[in-house]
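This report describes a predicted model. It treats charged pairs, the nonpolar interior and one part of the surface in turn.

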Amino acid sequence: MAQDLTEHRPGRAIALKLCAVFLFMVMAAIIKSVSGKVPPGEAVFFRSFFAIPVIAVWLAQRGQLRQGLIPSNLMGHVWRGIFGTSAMGLTFAGLGLLPLPEVTAIGYATPMFAVLFAALFLGERVRLIRLSAVALGLVGVMIVIAPRLSVGADEMSRAATLGAAMVLIASILRAMVQIHVRRLVQTDHTAAIVFYFSVTATGLALLSAPIGWVVDHPAFVWVWPETSVVLMLIAAGLIGGIAQIMVTSSYRFGGASMLAPFDYASMIFASIIGYVAFDEVPTGPIVLGASLVIAGGVLIIWRERQLGLDRSKSKPNMPPSGAP
């Protein structure tokens, strides 16, 4: 069935992928704009819950809703949900503490960690070229976060350091998500992976509400937001669902190795949106570090293409590496 639906239309594939990356950046900007008004767990709930109807309608139109409602590896979806939801929550928290381009640049570490985890957990052989690419990317990430490693005395400096740590941990968790997705595609339909992540993320986000009853801290206590904030959160969920569909659809018309480099367009979009919406300008370390990480990522993509490693099954289910 999947082969019958696949067409080779690279122009359409690239257009869909770029639109998806842009929408994910718009979604991130919305979350950033409301980060001081709702806790991360509540933002994750809106992002996930309001993506469900969009994804369900899309699956129904494609005749895949039944596959999306029948998971074969239920615990695999649970673990994928735990790692993915945690990564989303940490990223959302980081967005409230760091500039959008910086969050995007740190998020590019995900493919680097994914290569290491694939070697550790999936037994994939990692040779010199990919190890060198990982090292180059990680050096770039360290350049980006280096200014945050010196914790200053003021509260903003400490908050930025915490934000960088959270986004970096989120990148590690997203790499773990990729490993679980690679296992899930062996037993479950792509529709089930897409649908059940939104479902599990919604449920797990709800579990953060009782934490606020025990821990009286703004990061955990759910609030009843203003109408404008609610509308923005709903928009973030709808936009996230549409972007997820566009990512998945792009792989109907083009291969994973061809489309993967376009994830890095998120830095361009993040810089533009960050400047226009938040008056944020990428610093020298962010530009230099992001360039090294992108170079390492492109080298990994090239090497995997050379080795014939087709990861197109897992890519559609993941947000761009810099995106929540």
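In this predicted model, the side chains of Glu102 and Arg148 form a salt bridge, with 2.7 Å from N to O. The pair joins distant parts of the chain: Glu102 belongs to helix α7 (residues 100-107) and Arg148 to helix α9 (residues 128-149), 46 residues apart. Glu102 has a relative accessible area of 2% and is therefore buried. Arg148, at 23% relative accessibility, counts as partly exposed. Side chains of opposite charge can pair when their charged atoms come close.

The structure contains three salt bridges, listed below.

| Salt bridge | N to O distance | Separation in sequence |
|---|---|---|
| Glu102 and Arg148 | 2.7 Å | 46 residues |
| Asp263 and Lys17 | 3.1 Å | 246 residues |
| Lys32 and Glu280 | 3.3 Å | 248 residues |

Helix α2 (residues 10-33) supplies Lys17, whose partner Asp263 sits in the loop between α14 (256-259) and α15. Both Asp263 and Lys17 are buried. Lys32 is likewise in helix α2, and its partner Glu280 lies in the loop between α15 and α16 (284-307). Lys32 counts as buried because its relative accessibility is 11%, and buried means under 20%. Glu280, at 12% relative accessibility, is also buried.

Ser271 is located in helix α15 (residues 265-278). With 18% relative accessibility, Ser271 counts as buried. Residues up to four places away in sequence aside, Ser271 touches Pro101, Glu280 and Pro282.

The nonpolar interior comes next. The largest nonpolar core comprises 78 residues, and those with the most contacts inside it are Ile31, Phe92, Leu95, Leu98, Leu100, Ile106 and Leu233. Apart from this core lies another, of twelve residues, including Val54, Ile55, Ala191 and Tyr196. Neighbours within four places in sequence aside, Leu98 is in contact with Lys32, Arg148 and Glu280, and also with Val103, Ile106, Ala160, Gly163, Ala164 and Val167. Among these contacts of Leu98 are both partners of one salt bridge, Lys32 and Glu280.

On the surface, Ile211, Trp213, Val214, Val215 and Phe220 make a nonpolar patch of about 550 Å². Trp213 is part of helix α12 (residues 208-214). Trp213 counts as exposed because its relative accessibility is 73%, and exposed means over 50%.

Key
Residues are numbered from 1 along each chain as its sequence is written. This is a predicted model: local features need pLDDT of at least 70, side-chain atom pairs count only at pLDDT 80 or more; totals for chains, interfaces and linings use all residues. Side-chain values use heavy atoms; hydrogens and water are left out. A nonpolar core is a set of buried Ala, Val, Leu, Ile, Met, Phe, Trp, Tyr and Cys residues joined through side-chain atoms within 4.5 Å. Buried means under 20% relative accessible area, exposed over 50%, partly exposed in between (1.4 Å probe, protein chains only). Contact means heavy atoms within 4.5 Å. Patches are made of residues with over 30% relative accessible area and no salt bridge: like charges are joined within 9 Å, nonpolar side chains (Val, Leu, Ile, Met, Phe, Trp, Tyr) within 5 Å. Accessible areas come from the Shrake-Rupley method with a 1.4 Å probe; for residues, only the protein chains shown count as cover. A salt bridge is a side-chain nitrogen of Lys or Arg within 4 Å of a carboxyl oxygen of Asp or Glu. Helices (H or I, at least four residues) and strands (E, at least two) are DSSP runs, numbered from the N terminus.
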